[in-house]
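This report describes how the strands of one model are arranged. The sequence and the structure are shown here.

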Amino acid sequence: MVPKIVAIGTWYYDGTIPHRVEIHAFPARYSDTRYAEDGEITGEYDESMPVPETRDGYLYACSPFYSGKHLSIEDVKAWASAQPWAPVTWEWTEETISN
């Protein structure tokens, strides 16, 4: 499963060196909370585990930083803004996600 890039921004290391930041959308059915035993290694999911409820069926994460999974793009942006290395200047955000 390849996540979809839904936002792109720039973070400046030491205020001068630009680094790309991306927000990725993952279908909620691929949530880490649904991994089977050893699923992090095998990539298997436990179909008996519930799919997390989200607003639009997706979970969102920031890359290259580990943000964990969030329920919306706005939640990830808020997480990024609260980090000691912030701020991120967001140049592009996809308004809708098509399947």
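Two strands are said to pair if DSSP finds at least two bridges between them. The model discussed here is predicted.

Its sheet is open and has 4 strands, in the order S3-S2-S1-S4, with antiparallel pairing. Strand S3 (58–63) and strand S4 (88–93) are the edge strands, and each of them pairs on one side only. Direction ignored, neighbouring strands of this sheet are turned by 20 degrees against each other on average.

Strand S1 covers residues 4–13, and strand S2 covers residues 17–27. Two of the pairings are listed below with their bridges.

| Strand pair | Sense | Bridges |
|---|---|---|
| S1 and S2 | antiparallel | 9 bridges |
| S2 and S3 | antiparallel | 6 bridges |

Individual residues can be placed within these pairings. Between S1 and S2, Ala-7 stands opposite Ile-23 in S2. Towards the edge strand S3, the bridge partner of Ala-25 is Tyr-60 in S3. Glu-22 also faces this edge strand, standing opposite Ser-63 in S3.

What lies between the strands in the hairpin of S1 and S2? The hairpin has 3 residues between its strands. In this hairpin, Asp-14 takes a positive phi near 55 degrees.

In short, S2 pairs with S1 over 9 bridges and with S3 over 6 bridges, while S4 sits at an edge of the sheet.

Terms used. Residues numbered from 1 in each chain as written. Predicted model: local features only at pLDDT ≥ 70, side-chain atom pairs only at ≥ 80, totals over all residues. Heavy atoms only, no water. Helix = DSSP H or I, 4+ residues; strand = E, 2+ residues; numbered from the N terminus. Axes fitted to C-alpha atoms, helices over the stretch in contact; angles between N-to-C directions.
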